[in-house]
Amino acid sequence: MATFIFDVLKDLQNKKRNLSSITFVLPSKRAGIFLKYQLSQIVDNTIFAPKILSIEEFVEELAQTKTISNTELLFEFYNTYIALTPKDQQEPFESFSKWAQILLQDFNEIDRYLIPQKKIFNYLSAIQDITHWSLEENKTDFIKNYLSFWNKIFKYYSLFTEQLLLKKSGYQGLVYREAVENLETYIQNNQHTEHVFLGFNALNTSEETIIQELLQNGLAEIYWDIDEIFINNSVHDAGLFTRSHKNNWNYFRSNNFNWVTNNYSKNKNISVYGIPKNIGQAKYIGTILNTIKKDNVSLNNTAVVLGDENLLIPVLNSLPSNINALNITMGFPLKSIPLASLFEHLFHLHKKPSKSFYFKDIILIVSHQFIRPLFFLNEIDYASILIETIERNNLIFISVERLKEITEEKCNEIIALLFSKWNESISAVLKNCSELILNIKSYLDLNKSSNLLSLEYLFRFNELFNELTKLNSKFHHIQDISTLYSIYKELLSSETLDFKGEPLQGLQIMGMLESRVLDFETVIISSVNEGILPAGKSNNSFIPFDVKLENKLPTYKEKDAVYTYHFYRLLQRAKNIYILYNTESDSLTGGEKSRFITQLETEGIHKISYHLITPKVPILNKSVNTIEKTPEVIDLIKQVAKKGFSPSSLTNYIRNPIDFYYQKILNIQEYDEAEETVAANTLGTVIHNTLEDFYKPLINTFLNVDHIKSMKVQVEKTVALHFKNIYKEGDITKGKNLIIYEIAKRYVSNFLDLEKKDLEKGNQIKIIAIEADKSVNIEIPELNFPIIIKGKVDRIDEYNGIKRIVDYKTGKVAQNEVEIVSWDDITTDYKKYSKSFQILAYAYMICESKQIELPVEAGIISFKNLRAGVLKFAEKDKAGPYAKKEHLITSETLESFTNQLKKLILEICNPSIPFTEKEL
């Protein structure tokens, strides 16, 4: 396949030009690598390599000025801003940088297109003056400051560019303007240097001026890469710039225009694929490449061009395993590597100075993959100790001193680096970050061979923080962590981790701009959607659209034409073209297929095959999760039975046997996180323990009003004590927790008021037992191993001569939840009968232990339904509101319950009945 670069070199060779003495100027550095390779293919003998420059490098050489980074430009511009702005009107660097970046882009455009600076800035100022209330006599301070800003823009520009040029540095546009200023001197000093410009399309005024002057002086030759279909069609955007150059440059009135080719109309296999979502495109690129490999086609002449460069990682993960040679021209964004998340967490934590830190932020940092190993000292995992202590003691906001106390002295250094050295000067913070990187490196060096990639991450971040340190020491504009964080993000967004590969072999993966001047036989282009290819309208500028038109500055139309050229140029010499677009609409980018695809259709030059790709979605037959009862499982069940089944565990089985299996048989408990807000079970435990403290001393005693009064006095003190014991170091002095604390006091107080009213009415209440632990055997002839039922009964009392078993519930319970009609339902319907099952189980244990005699009553006291009093268990003769209710639990009642209980336990222990998940 003859490429554009090859054709240019061959033409120069045929003209007997000395290739070694030529200075080649190309649109990108990458094109220079391919030019060197093609040069080696056409020469028969050894020659010196010619000088090969990108246009940016060539312009810097002309200007004798170097281009500096955007971040450094911001700092330099802030110097100018401070010098020209009264102190009381100066903005902090962080807010300044938001509008300054836009203004710098405008400076860049104005200089690249050689617009008279004073004229355009004064024009912009005049527009604002007319637009914003210029005829009003009483202008507010805000309006005055706004108009003052526009009047100062030229002053900002003049002083800023003056300072930059004194340092022989500048932004791209300024370097271009300087290059044009120095062009005459350069021509005089390089009378015998031949320049060849190749592969250019959209040129700014500076580039046009430079190239035309060199052409007019016989010091240059230029090769265009444009197809006749594009240049001869007056409305085709792919030829917009080249047509303009051909028609408007004086040089081409008397010289040939090289070259107009006819490659585009040659036969091509063009396939357009509509694929849902970006990941779908990435996966299908892998499928296309796999098909190409199966056809034994070499990938050396194949390129994957990513319209959206965010697809890089998904595409890399989708490549077939049989691709051996690969070159990636794009870097891996530094913001996407794991180390970036660590510094993101640290900056988030320290943006606002604080003496204590939120526990989730601490856990995120301490458990980070680069930090956790630093806490592993002398075979002790201090990170786990720290996290467990936080969760066990409900530490929500934690001071550095407390962190050091938990982790002991051995971890003081790393605790200081992560948490305490961030309230000092910015220089100290940057030094702290560098020290943290060195600490991580020391650990990774212990196993260097398996940590090479991680060490590369550290190296790049070390460079980034060195750059921040240099900027801070040079300019002193960073005054707080928030500003440092914004600059860090600015630097991070532009930094990449370069991939190492062979640029001339194997599959090429690149962005659209990197494809300039390069030709491939097989091209796969992704994300050919509106808003991506082309990018569409954007107005990130202070210069209005009409002013841009008047001054011949590029607008969105010209920017779209640039991408049109790149898209069609990729297609010119290619034989196999795969165009992929996202079929799913997006709220931001629109999502419809690109106009480029529609244009290919309407041209009618090529036959295009269309495919709508949908992912293969397997039909998943939802199967119920079942666990067979193997001999090993039966052994575990026997062990649990021997220790004892509690009423709550049995109701858990009724609710969902799989949960019972995990929690009771396998003993897998739910992860116990720190309680930021007091949990319902914690509230329940506090109330239970408080009532236990009040009533336990009164066992075997008849209650009187004085007892209740003495309890009432102790409510606040006792509730607070139990919160401290159970909620540990959790804070109950503010927010939701304070409300829950007050609710706990109110629940206890209201309950005591209920008791007091009962006593005042003349009712007799005798306390028999409080929080009574019960454990009884249940005989089941079918099972040859012991079965125990165990549990803790909240309260047993005697109410007007009737024994009562009472269970406390802090949640809301209604009367119908402790009533039963059909005994068969009690072990199958958890929602209706779980409360009845529990209190009957307690009654069974109490009566089996011979603590009280039948008949008895059993019920629930619901603290959210205290007005209802004790909600007594009732056996109804039928369903409905007019059923007869029997509240007394007799031997017949317990016999009916025992039969159901034995049936349930037999089911649990039956090897032929698996644990089967219930749909909740």
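Here are a few worked exercises on the backbone, hollows and charge pairs of a predicted model.

Before you start: this is a predicted model, where local features need pLDDT of at least 70 and side-chain atom pairs count only at pLDDT 80 or more, while totals for chains, interfaces and linings use all residues. Residues are numbered from 1 along each chain as its sequence is written, and side-chain values use heavy atoms, with hydrogens and water left out.

**Exercise 1. Find where the cis peptide bonds at P534 and P855 sit.**

Step 1: Start with the omega angles. L533 and P534 are joined by a cis bond with omega about 0°, and L854 and P855 by one at about -5°. Most peptide bonds are trans.

Step 2: Place the prolines, taking helices (H or I, at least four residues) and strands (E, at least two) as DSSP runs numbered from the N terminus. P534 falls in the loop between β19 (522-526) and α23 (545-550). P855 is in the loop between α32 (830-848) and β28 (857-862).

**Exercise 2. Locate L114 and H476, and decide whether each is buried or exposed.**

Step 1: Check phi. L114 has a positive phi near 55°, and H476 has one near 60°. Most residues other than glycine have a negative phi.

Step 2: Place them. L114 is in the loop between α5 (93-112) and α6 (117-131); H476 is in the loop between α21 (452-475) and α22 (481-494).

Step 3: Apply the cut-offs: buried is under 20% relative accessible area, exposed over 50%, partly exposed in between (1.4 Å probe, protein chains only). At 24%, L114 is partly exposed, and at 54%, H476 is exposed.

**Exercise 3. Describe the largest cavity and its lining.**

Step 1: Set the rule. On a 1 Å grid over the protein atoms alone, a cavity is a set of points where a 1.4 Å probe fits but cannot get out, and lining residues have an atom within 4 Å of a point. Grid points are joined across faces, edges and corners, and the volume is the space filled by probe spheres set on them.

Step 2: Count. Searching the whole structure turns up 1 cavity of 30 Å³ or more, and the largest cavity holds about 30 Å³.

Step 3: List the lining: L103, D106, F121, L124, W150, I153, F542 and I543. Two or more of these residues come from each of α5, α6 and α7 (141-166).

Step 4: Sort by class, with Ala, Val, Leu, Ile, Met, Phe, Trp, Tyr, Cys and Pro as nonpolar, Asp, Glu, Lys and Arg as charged, and the others, Gly among them, as polar. You get 7 nonpolar, no polar and 1 charged.

**Exercise 4. Work through the salt bridges D237–K557 and E716–K745.**

Step 1: Use the criterion: a side-chain nitrogen of Lys or Arg within 4 Å of a carboxyl oxygen of Asp or Glu. The total is 40 salt bridges.

Step 2: Take D237 and K557, whose closest N and O atoms are 3.6 Å apart. D237 is in the loop between α11 (228-231) and α12 (240-248), K557 is in α24 (556-572), and the two are 320 residues apart. D237 is partly exposed at 22%, as is K557 at 42%.

Step 3: Now E716 and K745, at 3.7 Å from N to O. This pair links helix α30 (705-727) to helix α31 (735-760), 29 residues apart. E716 is partly exposed at 48%, whereas K745 is buried at 13%.

Technical notes:
1 Å grid on protein atoms, 1.4 Å probe; cavity = no way out; pocket = protein on both sides within 12 Å on 5 of 7 lines; lining within 4 Å.
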